[in-house]
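Okay, thanks for making time, everyone. I'd like to walk you through a structure today, going from single residues up to whole chains and then into the empty spaces.

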Amino acid sequence: MKDSLPDHWFQILLSLAGQDLHGLAITAEVLERTEGRVHLWPGMLYGALKQMTTRGYVAETAAPPDAAPAGGKPRFYRLTPLGRRVCSAEAARLARSVEVARARRLLKGSRGA
Amino acid sequence: VREVFYRVLLHAYPRDFRLRYGDEMEAAFAACAERERGRALAALRIAVRALLDTASHGWRMRVDERRAHRLGTSSWNAARAARSTLMNGLDLKLAARMLVKYPGLTVVGGLAMAFAIWVGVVTFAMVTPFVYPSLPLPAAERVIKIENWDTATNNEDSRILHDFGIWRDSLRSITEIGVWRDSPRNVMIDDGDPRQVYAAEISASGFRVASAAPLLGRVLVDADEQPQAPWVAVIGYDLWQTRFGSDPNVLGREVKIGTDVATIVGVMRDGFAFPVAHEFWLPFRRDLVEQAPRSGPAASTFGLLASGETLETAQAELGAIGRRAAAESPATHEYLEPRVSTYADTMSGAEELGIMFSIYFFVVLLLILVCGNVGLLLFARAAARESDFLVRTALGASRARLVWQIFAEALVLGGLAALVGLIFADIALRNWGTTFLEGNLGRLPFWFALRLTPAAVLVAIALAVIGATVAGVMPALKLTRGLNDRLKQTTAAAGGLRFGGVWTAIIVAQVALTVAFPPVVFWEQGQLRHVQDFDPGFAAAQYLSVRIEREFPVDAGAGADPLTAERGKRFALALEELRRQVADQPGVAGVTLAERLPTTNQSRARIELASDAAEAAVGETAPVRRPLRVVAVAAVHPSYFDVLEAPVLAGRGFTLADSQPGARVAIVDQGFVDQVLQGRNPIGQQVRFARRPNSDSAAPPWYEVVGVVNDLGAGSPLDKGRAAGYYIPGTPDSYDEVYMMVHVQAGDPMTFASRLRDVARAVDPSLRLVDFQRANEVNAVMVSIIGLWLRVTLIMTGVAFVLSLAGIYAVSSFAVSRRTREIGLRLALGASPYRVVVAIFRRPLAQMGLGIAAGTLVILTFSALLPHTQFPGSETGLTVARTAMFLFYSTIMLGLCLVACVVPTRRALKVEPTVALRME
């Protein structure tokens, strides 16, 4: 296995870190959070969801009672403990790179800028 | 279309995945598509993104799945996986390799299929805008129009201005209601270019309905519609580029519109042509709207459905207004019914759909015919690999698996053909599509964008799949039938495979078609020559012709009321003055006016002769050949024959006095004398227009023939036979249409066009001069359309010919390869090579002969029927010379077909007996 996670996998895991979501909601959340930079098309999204389910990063779950209706009966996904560890490992890896970039003055401003 | 498109794409994913996630993926795709909406080229973007997404992820899943299957660790159902890999990458790879290995078949079959797909795609792209017009406007689905329908005559009544005022003030479900008409004003730009400007008078709301922003300046606003407001104009992008040289300071420039002057206040962006195909916009003045019910000039409306309203709710509200108007003023509105409909006309009647289906029927028929032939070639090629298939069957390959493989070959070929067809369709649509439609229909509305849409690409794909099915599955089924039985026989090479009845029929039909096509080309060429050579009877190349439009609308119930008569008289006087002044210009030999130009379609009328009645009364025996009684009529200015330099052969020419009302004289041409009078002396003959049968009106007056001239291009070049020209003198106010012809003494007559326009403006600024042409080129559009047909037929002939030769080659080479052993045996036993060749080629030769005979029969039948049709140049039917020509031609075709047998024959004669026998 490669040492870094594909970007769209990471984005999907990130969006599931907050709450359980269905496919359409994941797309919308990622699109909004990345300001339109990451656009998940159906093949990309469901292909990733299937593989991550096989690997045990995410698992299908029942719809939360407060879920907004989204036409039909969409599957909801939740982050598994393994998925959470993978996601935080990837985040830590990225954070290390960010630290290096900041030390070399490639990033302007302070944290959160 | 979008949903179907994505549903098709979903099939690229493994089946289990699709069943599990398909519904959600469709919903996700719809959401993605929705986000792309409103961006430039949205449909294309969506299609490309979806294709890329599917290609990368769907393909990867399949590869992973296959790998897992191979490693025996598949989590998928093994039987399912086997089925989904029924047609796998290997098949496609093998198919591609076959195409490279047999380049002749690839080129011939591929081009033939590409041609059929090209025809299908071009037809689709041309027909779609009629059936499903889509307005390229942001609020396209809300733009509507309102018409008044006269239920008594079942016709639209376009005198709607009175009602328009009511609709505008009272309708709630439709907003921004506006009105427009083609401007009758003569727009004159001072650049020496005589071309007509397509101007519209339009309500300012039109620019809001079309959500149009100007490139420079502003659009029209409501204040411009006030009667006392100064005239302003907005010009189109193309007009600005071509006629104003893209002048950035064009705003504020003045343009003459009839007797007024308008200031340019805006330039629109490229592509804007609302309401139909316009390039110059003037405000529709409010005072013009104030008309009595059902009177005033013709106009059309547009509007925007208010949010939350539909066509049905708008129609309900409009219907109530209509019923109220009918109750209040039954005299005018009893039978008027206002109707709201989508802005672009849609063809949805049963008749139009019938035409559509018949067009598609022929497209699919052409495709099937062509692909049947390609199938023949594929069959011959696959037959050569029969032993291959036997071995694979022995190793356990199912029949379906083998059929898939041959289908894959056809599919790859069809895919390539679709690509080539699409490329050429794009070229054809870009370069000739618009010209072709404009030649037939006039200026095209702005929503007629001829281009390749995603739907057209889908059509190409569908045609390719249909074609591949015909070309691949048919031969595959035939080839794989009874493979197991053949396997039991020990020899493969001498197997029981042979060309059956279907293939024989295809070859015979193919050869017959090939034989029948060239005479069609020959005949079309004859038509073209007939139109090109149609003799105008005068030196047409030296004449400039121009049509003159009237300022006042002719549709507003023009009867003989005093106002119309007065306007007509003024118009005639202005034209007479123009004629006089143009004649005084240097370099002009003469100027005349006529209702129709020579060699264009002059109106036809049935006539009666006074001598007919006399003969009938005497009871004289009828002449052997019935004399012609239908003539081509043209009203002409008295100067017509002098200006065309047509000598008067007998009697006298027209004088100015002849054009006065009550002077009932006529001049006829030689064709009239020969055909109507059958050589009798025409001078003094009494002629009148025949009444319609059962007509109660009074008999039309008699005209006296006073002169005879040579044939001067009377009738139309598309009519059969020689026309009988019948000219009556008249002033322009009595003409249906008014044409002026100017005899220019030296040089190109077109160079005189701008001077003519200047003179016309000086005489009367309201005169509108349009369609400047050389008098010898008035049929140029007709010639180009016939030329286009000729080219299409030529291509079809080429395709049919090449396919036929390839088919014959395939059949004869198949025969040789089937019977190599037999040839060897016969030669070993001492048979003469000649006899061997005859024995082998008996079947292909019989097929060819049958085909040629059938084709010749078709030609002869049509030639014999031709004199009974109305086509020009079809007077003579099947003459001895023509029959001899066709027979000679058939012999040549037979010779050409034999050429296709040369290579297989040589191969047959080279068979070494020992080698052939060793094959066992």
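**A walk through the two chains**

Let's start with one arginine. R761(B) sits in helix α23 of chain B, the helix that runs over residues 753-763. And before I go on, please keep in mind that this is a predicted model.

So, is R761(B) buried or exposed? It counts as buried, because its relative accessible area is 16% and the cut-off for buried is under 20%. And what does R761(B) touch, once you leave aside its neighbours within four places in sequence? The contacts are M188(B), D190(B) and K256(B). So here you have an arginine in contact with an aspartate, a lysine and a methionine.

Okay, zooming out to the chain that holds this residue. Chain B has 920 residues, and buried ones make up 47% of them. Its secondary structure comes to 29 helices and 23 strands. If you take the contacts in chain B with a separation of 6 or more, 81% of them are between residues 24 or more positions apart.

Now chain A. This one has 113 residues, with 37% of them buried. You can count 4 helices and 3 strands in chain A, and along the sequence they come in the order α-β-α-α-β-β-α. For chain A, residues 24 or more positions apart make up 55% of the contacts with a separation of 6 or more.

Have a look at helix α1 of chain A, residues 7-18. Which of its residues are buried? The list is H8(A), W9(A), F10(A), Q11(A), I12(A), L13(A), S15(A) and L16(A). And these buried residues have plenty of partners within chain A: they pack against the strands β1 (21-22), β2 (58-61) and β3 (76-79), and against the helices α2 (23-33), α3 (42-55) and α4 (81-103).

Next, how do the chains meet? On the chain B side 21 residues are in contact, and on the chain A side 17. Between them the two chains bury about 1800 Å², with 64% of that on carbon and sulfur atoms. In chain B, the residues that lose the most area to chain A are Y21(B), E24(B) and R35(B), and together they account for 31% of what that side buries.

There's a methionine I'd like you to find here. M25(B) is in helix α2 of chain B, residues 15-36, and M25(B) is buried, with a relative accessible area of 0%. What is around it? Leaving aside neighbours within four places in sequence, M25(B) is in contact with P42(A), G43(A) and Y46(A) from chain A, and with Y6(B), L10(B), Y13(B) and F17(B) from its own chain. While you're there, R7(B) is 18 residues away from M25(B) in sequence, and the C-alpha to C-alpha distance is 9.5 Å.

A quick word on cysteines. How many disulfides does the structure hold? Over all chains, the number is 0. Two cysteines to click on are C32(B), which is buried with a relative accessible area of 1%, and C371(B), buried as well, with a value of 0%.

Right, on to the empty spaces. I'll take the second largest pocket, which holds about 1700 Å³ of space. It is lined by 46 residues, and the closest to its centre are F115(B), W118(B), V119(B), V792(B) and M796(B). Where does the lining come from? In chain B, α6 (103-131), α13 (350-383), α15 (399-441), α18 (501-532) and α24 (780-818) each supply at least two residues, and α6(B) has the largest share, with 13 residues. By class, that lining has 37 nonpolar, 7 polar and 2 charged residues.

Last stop, the cavities. There are 4 of 30 Å³ or more, and the largest one holds about 70 Å³. Its lining is N148(B), D163(B), I166(B), W167(B), I321(B), G322(B), A325(B), H333(B), L336(B) and P338(B). The elements of chain B giving two or more residues to that lining are α7 (161-170), α11 (311-328) and β12 (336-342). And the class split there is 6 nonpolar, 3 polar and 1 charged.

That's my tour, so let's take questions.

Key
Residues are numbered from 1 along each chain as its sequence is written. Chains are lettered from A and ligands numbered from 1 in the order in which they are written. This is a predicted model: local features need pLDDT of at least 70, side-chain atom pairs count only at pLDDT 80 or more; totals for chains, interfaces and linings use all residues. Side-chain values use heavy atoms; hydrogens and water are left out. A disulfide is a pair of cysteine sulfur atoms within 2.5 Å. Buried means under 20% relative accessible area, exposed over 50%, partly exposed in between (1.4 Å probe, protein chains only). On a 1 Å grid over the protein atoms alone, a cavity is a set of points where a 1.4 Å probe fits but cannot get out, and a pocket is an open set with protein on both sides within 12 Å along at least five of seven lines; lining residues have an atom within 4 Å of a point. Grid points are joined across faces, edges and corners, and a volume is the space filled by probe spheres set on the points. Ala, Val, Leu, Ile, Met, Phe, Trp, Tyr, Cys and Pro count as nonpolar, Asp, Glu, Lys and Arg as charged, and the others, Gly among them, as polar. Contact means heavy atoms within 4.5 Å. Buried area is the accessible area (1.4 Å probe) that two parts lose on being put together, summed over both.
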